[in-house]
Amino acid sequence: MNLADRLEKILYKVKNPVRYIGNEWNMVKKDWAEDKIKVALAFPDLYEIGMSHLGLKLLYHLLNEEEDIICERTYAPWVDMENLMREEGIPLFSLENKKAISDFDIFGFTLQYEMSYTNITNMLDLAGLPLYSKDRDESYPLVVGGGSIVYNPEPIAAFFDLFFIGEAEEGIVSLVKKYRELKDKKLNKEEILLELSQIPGVYVPSLYDVVYDNKGRFKGIKPKYKGVKEEIRRQVVSNLDQAYYPTKIIMPYMDVVHDRAVIEIARGCTRGCRFCAAGISYRPVRERSKETIIRLADEILQNTGYDEISLTSLSTMDYSDVADLVKTMARRYEDDKISISLPSLRVDRFSVNLAREVQRVRKTGLTFAPEAGTQRLRDVINKGVQEVDLFDAVQAAFEEGWSTIKLYFMIGLPTETMDDIAGIVDLAKRVLRIGEEVRRNTTRPMKKIQVNVSVSTFVPKAFTPFQWVGMDSREEIEKKQKFLKENLTERGLSFSWNNPDLSLLEGVFSRGDRRLARVIESAWRKGARFDGWGEFFDIDIWEAAFIENQLEQSDYIQARDLEEDLPWDHINVGVSKKFLQKEYKTALAGKLTEDCRQVGCTGCAICFDLDVKMELYRGDANVN
Amino acid sequence: MVMRMLIRAEFEKTDELRYISHLELMTFFRRAFRRAKLPLVYSKGFNPHILFSMAQPLKVGMTGWKEYFDLTLSQEMDIGEFIDRTNRELPSGIRINKAASIPEKSQALMATINTAAYIFRMTFRNDQEAEEELLNSFLAREEILVRRERVKKGDIEIDIRPMIQQAVILEPGKWLFQVDSSSERNLRPEEISKALVDFHSDLEFIPLNRIVREGLYVRVGDELYSPLDEKIVGR
């Protein structure tokens, strides 16, 4: 019986079988021919999360543009499906041709967040692959990891044959083809990996040793052999305007998280928030031209029939002449009843007014992210938001008729004291007051004002100025959360927070090293899955896994010395360690670093290191 | 004033597409209509939506051979062209097989349809006669009590016998049930399954993926009509 028929026997028993059927509009299903290179693209989370992810779709269509490549998708099955698959002996399969993953040449994972690591081991196992790279010879698919968030791949390095560091448009196709060529030459796995390691951006963990000094302290990750590159440089697209962008984009049937047309109008962010990994790892800022954006939008809307289009980037409102762009688009699609959505609003009046003007689908609430409760701490993290900007923005939002405002903050930031926590309460209350005032003075009907305060725990990430910062202990986190719980009780205020254990574990992995692979394996064997989903996260499993492997979570969470070697030092994201050190010191001094878009180069070195430059559309910086 | 046109279409939902839900299907249709560049009519208001409605939802996992929707267009369009253009935007598994222009004031599908026919693919096969005997003794009972599951309101016991209009063995292993299906009186196919299990030890529960909704009908007296039938919609 083929896989599709065997699936038929179980699909009606699972929740949301639509996750596993494929056959979506614009899906690319090619004839399963022997001579093609087969790539299975995996997203280590549920279908609906993976299908909301732009990067995966981009990669999927990019690879399928190639005549000789078949690229298919697979996602982490939910627990009910996993159980049935194991009972029936159904291996992890691709959605397009319903082929076992072991029939593919390459098994590539998009890595987006640390808490999906046990889903990776689970998917490898469901595919019938040994977990560790060293236990797989050339008869197994090559297991590849990529994705722009995880630049510290060390905790999962042992599971992967190689990582591609950087933006996929740059080099992924040639990597895939090169692999097939080497395989056809009947080289063994070691030979193949050695060859592939020569490609820019390719990191083969097995070709590197972890070096310790005579006191057992970590001293870096060094090539095992001569000729293997010492540092792996992130690959970056230059000229985003000309870069590939899919417009015949696959559309889920399922109501997924982001179910609309998406245009990436720019990549990168120069605001320089010191906690933000994406802000560093997507540099430099590159914008698409208005003409290109409109051409892409026309095509996507025609090919999908979506009635909403989202203009996405890390900071959409920073796009050069964003007002002209969104107004032009709003006019252009008015007759077709297509609405424009702006995913990330800056904290200012301008953003609110623009959103009001073009967003036809009125969301019930607006979200702003002041991130910290006091000006002092906002300066430490380089979030260039003044109190007056926030009050201005919420005033505008309330006046425009929004009655619900969500405020996003972090706790556990460096130098934070209880005064800063009290500052969160104070800000939230003042926002509520502004709303109530507007509501009292308006003649039109307005719902009761609601201010939702969402507070997450700061997790230091590799390649940020805060990569040396120690995390709060669980007790400290709980103390701060308790304070907020007790003080955000007024009517019209609500408070939500994260599980501290989950944040701490994320902190372990974000700055973790190779030894953690054993911990991940142990936790997975004990049943850990979907750790990012509250309903499955079980800290007891993880604590047992750490004990079993004689490792301490606290060793990973503690502060690092500015001069010590870090497990991700051999990866070069383009921003220099010197710059990060300088930023760290500037932060502790409570000083701001301005946006290089406005004030000129601030010395992060990206443009020199990766030989790229800022690409602004009709901006003042170095336009082509 | 431009003449509007109300189209009633009959489509099938089969294969993998059985697993998409009613709401997902509606969203999918709306997008397909937009891709097909049909002259759509939108509701008034701040958040306009396409004037489009569907008949009784088909359960996830079940095949439907004759399913229906109504769509309003802002101008006259050739029916053949409507079918072709729309089908080009539909994946394998969903296909429009028939359509007709109906008067704009026609009664909505949900209000018109009152009968559904289901074909059960049984898990056993016998000869025709033995199966007929089994079925007849099932139907011969005065009442057939089944537990009806109700979200929020709590389960109740109902008698499904009056809602079964007719049942026949099409061929060994294939049983057809013609039942009430309207907003007032609706017999769910899984309730038939449950009743069959309770009735005889030879009969196993038939999961939804072994049931086909053969069609939706308008029953007038003892006659069954398609919702597209001239007698139903007039011309």
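# Exercises on chain B

B:Ile164 stands opposite B:Val179 of strand 9 of chain B. The model is predicted, and the exercises below work through chain B.

**Exercise 1. Place strand 9 of chain B among its partners: which strands are joined to strand 9, and how do they run?**

Solution.
1. Strand 8 (residues 164–171) of chain B is joined to strand 9 of chain B by six bridges, and the two run antiparallel. The pair B:Ile164 and B:Val179 belongs here, with B:Val179 in strand 9.
2. Strands 8 and 9 of chain B make a hairpin with two residues between them. In its turn, B:Gly173 has a positive phi of about 90°.
3. Strand 5 (residues 115–121) of chain B is joined to strand 9 (residues 174–180) of chain B by seven bridges, again antiparallel. Here B:Ala117 stands opposite B:Gln178 of strand 9.

**Exercise 2. Find which residues of helix 5 of chain B are buried, and state what covers them.**

Solution.
1. Helix 5 spans residues 189–199 of chain B, and its buried residues are B:Pro189, B:Ile192, B:Ser193, B:Ala195 and B:Leu196.
2. These residues lie on the same side of helix 5 of chain B because they cover an arc of only 165° around the axis.
3. The general background is that an α-helix has 3.6 residues a turn, so residues three or four places apart point the same way.
4. The cover over the buried residues of helix 5 includes strand 5, helix 4 (128–139), strand 6 (145–148), strand 9 and strand 10 (211–220) of chain B. Strands 5 and 9, paired in Exercise 1, are thus among the covering elements.

**Exercise 3. Judge whether the radius of gyration of chain B agrees or disagrees with that of a compact globule.**

Solution.
1. For 235 residues, a compact globule would have a radius of gyration near 18 Å.
2. Chain B has 20 Å, which agrees.
3. Along the principal axes, the C-alpha atoms fill a box of roughly 60 × 35 × 30 Å.
4. Buried residues are 32% of the 235 in chain B.

**Exercise 4. Describe how the domains of chain B are arranged and what lies between them.**

Solution.
1. The domain assignment divides chain B into domain 1 (5–105) and domain 2 (115–224).
2. Their C-alpha centres lie 28 Å apart.
3. In domain 1 of chain B, 13 residues are in contact with nine residues of domain 2 of chain B.
4. By class, that side of domain 1 has five nonpolar, four polar and four charged residues.

Conventions. Residues are numbered from 1 along each chain as its sequence is written. Chains are lettered from A and ligands numbered from 1 in the order in which they are written. This is a predicted model: local features need pLDDT of at least 70, side-chain atom pairs count only at pLDDT 80 or more; totals for chains, interfaces and linings use all residues. The radius of gyration is taken over C-alpha atoms; the globule rule is 2.2 Å times the number of residues to the power 0.38. A residue is buried if 20 or more other C-beta atoms lie within 10 Å of its own, exposed if 12 or fewer, and partly exposed in between; C-beta atoms are placed from the backbone. Two strands pair if DSSP finds at least two bridges between them. Helices (H or I, at least four residues) and strands (E, at least two) are DSSP runs, numbered from the N terminus. The arc is that of the directions from the helix axis to the C-beta atoms. Two residues are in contact if their C-beta atoms, placed from the backbone, lie within 7 Å. Domain bounds come from an automatic or database domain assignment. Ala, Val, Leu, Ile, Met, Phe, Trp, Tyr, Cys and Pro count as nonpolar, Asp, Glu, Lys and Arg as charged, and the others, Gly among them, as polar.
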